[in-house]
Amino acid sequence: MDLWFSEYHSKNVRLSIKVDKQLYSKQSEFQRIDVFESKEFGRFLTLDGFMMLTERDEFIYHEMIVHPPMAVNLSVKNVLVVGAGDGGVVRELCRYKSVEKIDLVEIDRLVIEVCREYLPSTACSFDDPRLSIYYQDGLKYIRKCENKYDLIIVDSTDPFGPGEGLFTKEFYGNCHKALTKDGIMLNQHESPFYNNDAVAMQRAHKRIVESFPVSRVYQAHIPTYPSGHWLFGFASKGLHPIHGLNHAAWNSLQIDTKYYNTQLHIGAFALPNYVEDLLTNS
């Protein structure tokens, strides 16, 4: 009998992946955590039945949420990562020698433990001495921070359940307060394609625009995420994601990436008309 994992992207559309075996399944205090193995996408992690990452395409997401802000501000030293218990964001950040401290705030300790065991290619930098892990709610953590971080990366789940508080006006306002004068906030911005996802994206964008003087959206193409078309949000106190890009300095670091490059960086901010319309009307 064939075993398939299926995730509904809308009421009428679902993604299905043929599974070789299920490696892990447990209900934590916050969510159900599952790890599967497949021929096409390798191992993949789901939370409450929603795809978080696959070994096959996780590099796209993690490179595109980390390298664009780093290429704009190569002076980033102190970083806050909210969510990201799979370790992919930390892995990419640890490739920068200039980064001095990374604070990771993850509400669910079990996610990190599971990823350490079953997704070691992603969770490979948790022992870096620059990393400190705090097991708590990101919304509560950020309230006590002021002028502390050069970069905040919000690698949250979708805007419901444990991740719901990370899409609020209060949270984005506190992120602004926690950033230094040249600080940048990056967040996963959902998909613009299916109606429910688009509404969540518009709501988040509206709240970020209200909190930050610079707010731009860019895109990447990730096969296992709803519609394959995914957005990220770049928000800052002043730095512009394109005008501030330092091609030569970033390229001189010789970071070996599989998706990101500085030419793609510029192109990623050129959005389709329907996405621009959604953002304008958010």
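A residue counts as buried when its relative accessible area is under 20%, and this cut-off underlies the burial statements in the legends below, which describe a predicted model.

**View 1. Cys-115, a buried cysteine without a disulfide partner.** With a relative accessible area of 0%, Cys-115 falls in the buried class. The closest cysteine sulfur to that of Cys-115 belongs to Cys-124 and lies 12 Å away, which is too far for a bond. Because a disulfide requires a pair of cysteine sulfur atoms within 2.5 Å, Cys-115 and Cys-124 are left unpaired with each other at 12 Å. The structure as a whole holds zero disulfides.

**View 2. Cys-175 and the nearest cysteine sulfur, that of Cys-145.** Cys-175 takes part in no disulfide, and the sulfur of Cys-145, the nearest to its own, is 9.0 Å away. Cys-175 is counted as buried, since its relative accessibility is 0%.

**View 3. The surroundings of Tyr-96, in the loop between helix 2 (88-93) and strand 8 (101-105).** Although Tyr-96 sits in a loop, its relative accessible area of 2% makes it a buried residue. When neighbours within four places in sequence are left aside, Tyr-96 is in contact with Val-66, His-67, Met-70 and Leu-74, with Arg-130, and with Trp-250, Leu-253 and Ile-255. Val-209 stands 113 residues from Tyr-96 along the chain, and the C-alpha atoms of these two residues are separated by 29 Å.

**View 4. The largest cavity and its lining.** The structure holds one cavity of 30 Å³ or more, and about 30 Å³ of space lies in the largest cavity. Its lining is made up of Asn-187, His-189, His-205, Ile-208, Ser-215, Arg-216, Val-217, Gly-233, Phe-234 and Ala-235. Helix 6 (195-211), strand 12 (214-221) and strand 13 (229-236) are the elements that each give two or more residues to this lining. By residue class, the lining of the largest cavity divides into four nonpolar, five polar and one charged.

**View 5. The whole protein, as context for the close-ups, with nine helices and 13 strands.** The C-alpha trace spans about 55 × 45 × 35 Å along its principal axes. For 282 residues, a compact globule would have a radius of gyration near 19 Å, and the 18 Å of the protein agrees with that expectation. Of the 282 residues, 57% count as buried. Among contacts between residues at least 6 apart in sequence, 66% join residues at least 24 apart.

Technical notes:
Residues are numbered from 1 along each chain as its sequence is written. This is a predicted model: local features need pLDDT of at least 70, side-chain atom pairs count only at pLDDT 80 or more; totals for chains, interfaces and linings use all residues. Side-chain values use heavy atoms; hydrogens and water are left out. On a 1 Å grid over the protein atoms alone, a cavity is a set of points where a 1.4 Å probe fits but cannot get out, and a pocket is an open set with protein on both sides within 12 Å along at least five of seven lines; lining residues have an atom within 4 Å of a point. Grid points are joined across faces, edges and corners, and a volume is the space filled by probe spheres set on the points. Helices (H or I, at least four residues) and strands (E, at least two) are DSSP runs, numbered from the N terminus. Ala, Val, Leu, Ile, Met, Phe, Trp, Tyr, Cys and Pro count as nonpolar, Asp, Glu, Lys and Arg as charged, and the others, Gly among them, as polar. Buried means under 20% relative accessible area, exposed over 50%, partly exposed in between (1.4 Å probe, protein chains only). The radius of gyration is taken over C-alpha atoms; the globule rule is 2.2 Å times the number of residues to the power 0.38. Contact means heavy atoms within 4.5 Å.
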